[in-house]
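Colleague: Hi! Could you walk me through this model?
Modeller: Happy to, here it is.

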Amino acid sequence: MELHRITVEITDINDNSPTFTKDENKFEISESTTLGSRFLLPSAEDADVGNNGLQKYILTTDGIFGLKQHSSPDGRKYAEMILQKPLDRESEPRILLKLIAVDGGTPPRSGTVNIDITVLDANDNPPIFNQSLYRATVSENALKGTYIMTVNATDADSESNGVVTYRFSNMKEQLDDIFHLDEVTGIITLAGQVDYEKDRKYEIMIEAMDQGRLTDSSKALIEIVDVNDNAPVINVMSFSSPVPEDSASGTTVAIINVIDADSEQNGQIVCTTDSRLPFKIKSTLTNYYALLTNSAFDREVIPEYNITVRATDSGSPPLSSTTILRLRISDVNDNAPVFSKISYVAHITENNAPGVSIFSVKAKDIDWNQNARISYFLEETQINGSPTSSYVSINAETGAIHAVRSFDYEQIKELQLAVKAQDGGSPPLSGNVSVKILIQDQNDNPPQVLYPVQTGGSVVAEMVPRSADVGYLVTKVVAVDVDSGQNAWLSYKLQKATDRALFEVGLQNGEIRTIRQVTDKDAVKQRLSVIVEDNGQPSRSATVIVNVAVADSFPEVLSEFTDFPHDKEYNDNLTFYLVLALAVVSFLFITCLVVIISVKIYRWRQSRILYHSSLPVIPYYPPRYSDTLGTGTLQHVYNYEVCRTTDSRKSDCKFGRAGSQNVLIMDPSSTGTMQRIQSDKSILDEPDSPLEQKPPNNDWRFTQGQRPGPSGATGGPEVAMGTGPWPQPPTEAEQLQALMAAANEVSEATATLGPGTMGLSTRYSPQFTLQHVPDYRQNVYIPGSTATLTSNPQQQQATAQQASQQALPPPQASAQPEPPKAAQTPASKKKSTKKEKK
């Protein structure tokens, strides 16, 4: 900012006429007045200045009186009337004149006053002042009644003609309240208050008059002495608030004008401010001051200032005045967000619910408003190859960190994040902080037993010789827990045991040792149930069954462990599947029986219709009537393996050789006897030696006599089963007898596979498997019909369709087709699954 002084000059125009205070002035003049006597005329006042002000007076006269004009030092003009001819009261006792005051305007303006002169009798001597000018001073703080001066005029006449009186002749009406003139003594006193700042001096015309109405005039000049009675006045011309905190030093904040109505020393001003504040005051023009910054600001330290500006004059005593400027500092985005901590560490328990709040980060920005509005973001980093946002999320407003997924301590143990806090300034500033989220383990994994291995189809047995001493290490239960900390601290306890007085389990190491000497009375089979517990809250546990064989020889162990019963759960499942299989087979059998009977009845009715219609009888060849060799037998294909066994109730025996010679692996369903094992000792000694493959037992085949004949007989000649045509279509009775014969054939075939049947597999294996014999009840041929009784519903439907086509016999196939495979029942599925596991 810059300041320039502008002076405006008002050009006067002649818009005011000279005026007199009175419309008429009266004079009493003695006829004896000498020529040349002067009479002061009233003065006119003109508010205009310069040429437009009062310029001259004009007196209308008959030659007795003349006019003389005068100018005072201050430029005021006044006139005197001079007697030019002697007066004669007897000829002209009264004279009327007019005094005209004219200004210098264009056109000129004027004012008029009437002069009324009364001619008196003679008074030879007029009063005369002893001074033409009286000077006096008075302080502007003077009290009323203060003496100012005394004027004095003398008259040479005697008696009443020598008595003089005083008066103000041309005093303004406002001055009557300020000054007082004693008419007799001529003493001038202060009647009111004077103010140097309004009028610094007063010029007063004083007139002295005797009894003969003779007068004289003089001037009184009263000067007002200034007193320091006015304090400086402060005017704030311009004020800039708020000011940015990054304003440079020397920035103009305000412009101040200070005025003191006093003069000279009392009007000299000194403007100051508090030196402790970062401001200074510089004088630019007269009575003008600029408030400047003296240093840089920091709104975060001081957001506003109360600036006191003091103006003091140089009077005695000095007077001063103050004003207070409240300056606010506007914010600039010069501070980045700062987190409350250098780094954060939070904990969350695994298996948390997605979306759960983990914790919150908090940052502060000491800026203001938009510059302090903080938003939170996650820095894009990778955690195990996945973006951070796939693990956690952050609320941009509150800084709360939420879990996006459920954490698993066993997969990830900690998360390293970087959170950025950014303010809303322009340009924005930001700050970063590292966040570590530790996944706390939860006891969500039970212990896992590594040894001994628990299998569904075999038993692991540890051998303890009967000569074992106290503390003999039988085996060691090895278990692990994928949890950590105390959740993975495992302890081993003996839950159940055949003989608790014989074995103990180490609480920490899981070692199973003997606690006493083994005797001959101790059972060979020792079953120990060891429970493994972790130290979590709540704790989790796992149970392992350890089978211990107390024996000195391997055959002794084997004979004992073959009688281990199946697990209860396995028995329950097996019973369920057997019942289910029996129900399904019964249902299918009844269904097939009803369908076959229905089809036969339908065919019988059709044959009766054809018979009564005298149609020729076409010989009927039932399907599968002859095999490709022309033997007249039903073709049966058997795929089986022969198992060495002496007891059909027991399936097989499996031997396993472990790394240690005192470990025995037994299948619970093993059926071999110790006698049979001892007879095959040479085979057990050489498990890899091949064996000769023996032909299958002839008991697996059906004899020709067991095949159903045309009338249901089982002992008919083989010629009846030849390739020749049937003598006639079978009747309903023959069909029913054939169905019952087929059922008997199935039962006899099952009996043929009973105890005493023995076969040897092609190669010795530690596992002996008894293959399942085909269920012939699921594939029954009915003589005289194209239907084949099977458990497959689709085959039943096909059989029904073939039954409706009995007009012509089907051509004999060149190759014997395979019989349909038997459908698996739930029981057979269970056996097959068990076989695959073995």
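Colleague: Which residues have the most contacts inside the largest nonpolar core?
Modeller: Those are Ile358, Val361, Val392, Ile401, Val435 and Ile437, in a core of 28 residues. A nonpolar core is a set of buried Ala, Val, Leu, Ile, Met, Phe, Trp, Tyr and Cys residues joined through side-chain atoms within 4.5 Å; buried means under 20% relative accessible area with a 1.4 Å probe, protein chains only. This is a predicted model, where local features need pLDDT of at least 70, side-chain atom pairs count only at pLDDT 80 or more, and totals for chains, interfaces and linings use all residues. Residues are numbered from 1 along each chain as its sequence is written, and side-chain values use heavy atoms, leaving out hydrogens and water.

Colleague: What does Val392 touch, leaving aside its neighbours within four places in sequence?
Modeller: Its contacts (heavy atoms within 4.5 Å) include Ile358, Leu378, Ile401 and Phe407.

Colleague: New topic: in what order do strands 40, 44 and 43 sit in their sheet?
Modeller: The order is 40-44-43, in an open sheet with antiparallel pairing. Strands here are DSSP runs of E, at least two residues, numbered from the N terminus, and two pair if DSSP finds at least two bridges between them. Strand 40 (473-476) and strand 43 (503-505) are the edges.

Colleague: How many bridges join strand 40 to strand 44?
Modeller: Three; Lys476, for instance, has Glu511 as its bridge partner.

Colleague: And Thr514 in strand 44, why does it count as buried?
Modeller: Because its relative accessibility is 1%. The Thr514 side chain also reaches the backbone nitrogen of Tyr472 at 3.0 Å.

Notes:
Helices (H or I, at least four residues) and strands (E, at least two) are DSSP runs, numbered from the N terminus. Buried means under 20% relative accessible area, exposed over 50%, partly exposed in between (1.4 Å probe, protein chains only). A polar contact is a pair of N or O atoms within 3.5 Å; within protein, one must be able to donate a hydrogen and the other to accept it, and residues adjacent in sequence count only if both atoms are side-chain atoms.
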